[in-house]
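Work through the exercises below with the sequence and the model side by side. Try each task before reading its solution.

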Amino acid sequence: MDNATPVEAPGAAGRPHPHDSGRKHVTGEALFVDDIPAPADLVYVHAAGSERAHARVTRMDLDRVRAAGGVRAVITAGDIPGVNDISPTGTDDDPVLADGLVQFHGQPLFAVAADTMRQARAAARLATVEYEDLPAILTIEEALEEKSFVLDPHTMRRGDADKGLQDAPHRISGRIRIGGQEQFYLEGQVSLALPGEDGDMVVQCSSQHPADVQHQVARVLGLRANGVTVIVRRMGGAFGGKETQAAQWAVLAALAARATGRPAKMCLDRDDDMVMTGKRHPFIADYDVGFDDHGRIQAIKYMFASGCGFSADLSASISDRAMFHADNGYYLDNVEIVCHRCKTNTVSNTAFRGFGGPQGMVAMERVIEEIARKVGRDPLAIRKLNYYGGEGRNVTPYHMTVEDNVLPELTAELERTSDYGKRRDEIAAFNRTSPVIKRGLALTPVKFGISFTTTFLNQAGALVHIYTDGSIHLNHGGTEMGQGLFIKVAQVVADELRVSLDRIKITATDTAKVPNTSPTAASSGTDMNGKAAQAAARTLKGRLRAFAAGHFGVDEAEVEFRLDRVGAGKHEVSFAELVKLAYLNRVQLSATGFYRTPKISYDREKAAGRPFLYFSYGVCVSEVAIDTLTGESKVLRVDILHEVGRSLNPAIDRGQVEGGFIQGMGWLTSEELWWDSQGRLGTHAPSTYKIPACGDRCEDFRLTLLGETGNREGTIHRSKAVGEPPLMLAISVFQAISDAVSSLDDYRTVPGLDTPATPERILNAVNGMPAGPGKKP
């Protein structure tokens with residue numbers, strides 16, 4: 001034994017350690033589901049979709065499909081042994097395969113399992129399907145007119161909005177249409193099902209919610225949950241699109257495996273994936289706002305309408321979160337928010353990074369812009385005037401007190417470091433002399449609530465083993481989709497046990513190891529799974545401490561965990577030596593951990609409570625240029641100040657902020673979803689759907705992470721969530737584009753610009769502006 005000096009573990013929380021799979025991602029060594037070596041006798045599964053948006057199937061002849069070469073099974077709704085439904089919230093409106101009624105163009109009618117994917121696809125084209133067309137509702141406006149809803153509307157209110165509007169010196173109303181967004185994960189939806197004895201099924205899946213896949217596969221196959229094991233090592237992106245909608249393809253793979261007795265894989269190609277899976281919800285937002293001469297809001301009424309598609313999916317919670325974030329960072333004194341959940345004959349929309357929150361914030365920022373133009377002030381001045389404040393101005397529309405507001409401080413700091421005032425003057429001068437190119441500037445805030453608004457989901461479990469050589473096996477209910485969750489949780493465990501990070505083996509999420517897990521979503525993955533893993537590690541550390549004290553005859557307080565070593569009074573052994581001694585003395589070296597988020601509670605019937613443990617905050621200044629002849633836009637400079645608490649891994653967090661911003665910029669500028677009059681999605685491939693490319697990231701991108709003081713709540717190491725909030729920083733880009741258009745009439749008018757701000761929409765907004773000193777006759 002030696003007397004090594006205690007040093008900090010290199011993998012300890014707070015250090016910018018590389019992503020655990022970063023090198024593998026770059027070299028191609030990372031195994032995704034489709035990379036798993038094909039097991040013997042594998043069959044490939046293809047789903048054939050409807051060619052109508054809304055119709056009854058009057059005839060479906062699949063004889064030629066069954067007779068085609070290589071076909072091993074053809075599965076229809078009638079072949080399902082259990083329940084033909086995968087609705088995640090018990091609404092029973094989401095069939096695995098359509099049964100007589102089709103409700104969107106591309107809805108799966110039947111599945112073909114064949115020896116090759118080419119054979120499965122070719123066979124599916126041999127089907128004869130006849131339809132009786134029914135009226136199709138394709139837009140939110142049509143759904144509102146027809147009163148077509150998947151769920152009942154919901155209302156939040158505080159104060160008296162009607163009276164406040166009547167008493168306000170000024171009043172403005174308007175509407176903004178907010179587009180949806182395709183998740184466009186690099187790895188498409190994919191599942192590999194392996195049948196076992198007793199009808200059991202093991203599913204390797206690309207899913208954010210293994211427990212949901214487990215229960216859906218069991219329900220459809222007519223099994224109990226303990227007969228299905230779901231394993232997720234990593235996903236090639238997800239962004240919410242694999243929270244509930246991974247289940248359908250896992251179920252179809254499992255049905256094919258059951259029907260053939262052979263392993264079955266279902267992997268959607270990009271076109272099918274985009275046609276058959278849900279996107280970010282489009283919204284309509286109507287607003288009616290009253291304010292004083294300075295621009296301070298006195299009352300507001302919102303009417304939101306979300307485009308849910310043909311089934312409910314997660315639309316209840318997504319629409320609610322849009323309502324929760326309709327205030328963004330602003331105090332609304334008298335407020336009423338109503339949201340209708342519209343049923344359309346389009347694919348069922350689902351989770352996407354921000355989960356409704358971004359749509360609510362876009363509406364609020366439009367309101368701020370409207371007020372600014374009306375009273376003739378810089379929108380930033382109106383933002384600062386309406387921020388949440390102290391006593392009397394710190395209660396949300398859902399009656400939660402805001403206790404951690406740092407937006408005024410963040411805004412003041414970014415206003416200074418970005419030279420906002422100077423640049424505002426320079427841009428105004430530039431626009432007065434530039435007849436074609438106009439520049440715009442905007443500083444917008446983000447206040448995003450952290451926790452699942454469905455309270456029971458705020459729980460997590462973990463499992464930690466220590467083997468006799470001192471190596472550690474880590475497992476928990478979170479899933480890795482590239483966001484760095486696994487490395488952060490491993491750092492937490494390394495920090496707790498004071499061991500090197502390379503001692504810890506990160507393992508696949510597995511429903512047979514940690515049961516009843518919540519989805520990795522709501523930006524809560526690290527908060528919850530980090531705490532659960534910490535709890536398990538502390539249990540093991542406590543056992544080892546107690547054993548070391550007894551073994552070496554010292555008080556427990558004298559036992560000190562150092563870097564890969566443990567000191568006990570005058571004695572010191574390596575961590576591995578202590579573990580081996582503990583094993584020989586029959587000390588349990590495996591532990592589970594559990595965490596439930598404290599303090600939260602919400603009464604949805606009263607629309608009141610504390611749905612969030614805390615808020616994440618950030619501010620962003622974006623500068624853009626637009627071409628008033630073509631409608632093209634370009635982001636020139638971005639300045640971000642984002643609060644992350646005491647970051648567990650600053651390198652990972654920086655990547656999340658940068659990536660989230662770019663994804664949000666794409667949503668608000670270039671990513672346009674378009675359906676034709678028959679309900680066919682026209683933008684179903686990279687050739688027609690434009691995500692941001694490398695050249696779309698501005699060269700002048702300045703990012704500062706803030707949070708040395710830590711989260712005021714007792715989160716893991718006082719860190720703050722960073723998955724979703726950065727996406728909404730990109731609202732500053734949309735507002736800057738609107739600012740540039742508004743310069744055409746000397747900032748007197750808010751342009752009629754909806755999202756995404758494509759060149760066509762920008763050009764239409766330019767052409768719709770009143771004549772002014774900045775607009776050519």
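**Cysteines and a helix pair**

Cys 694 is exposed, with 76% relative accessible area (exposed is over 50%, buried under 20%, partly exposed in between, with a 1.4 Å probe and protein chains only). The model is predicted, so local features need pLDDT of at least 70 and side-chain atom pairs count only at pLDDT 80 or more, while totals for chains, interfaces and linings use all residues. Residues are numbered from 1 along each chain as its sequence is written, and side-chain values use heavy atoms, without hydrogens and water.

**Exercise 1.** Find why Cys 694 forms no bond with the closest cysteine sulfur.

*Solution.* Take the closest cysteine sulfur, in Cys 698. The distance is 13 Å, too far for a bond. A disulfide needs two cysteine sulfur atoms within 2.5 Å.

**Exercise 2.** How many disulfides are there?

*Solution.* The count by this rule is 0. Take Cys 308: the nearest cysteine sulfur, in Cys 342, is 6.5 Å away. Cys 308 has 0% relative accessibility, so Cys 308 is buried.

**Exercise 3.** Describe how H6 and H7 pack.

*Solution.* Locate H6 at residues 210–221 and H7 at residues 247–260 (helices are DSSP runs of H or I, at least four residues, numbered from the N terminus). Their angle is about 45 degrees, and their axes are 9 Å apart. H6 and H7 are therefore oblique (neither under 35, over 145, nor 65 to 115 degrees).

Note on methods
Axes are lines fitted to C-alpha atoms, for helices over the stretch in contact, and angles run from 0 to 180 degrees between N-to-C directions. Helices (H or I, at least four residues) and strands (E, at least two) are DSSP runs, numbered from the N terminus.
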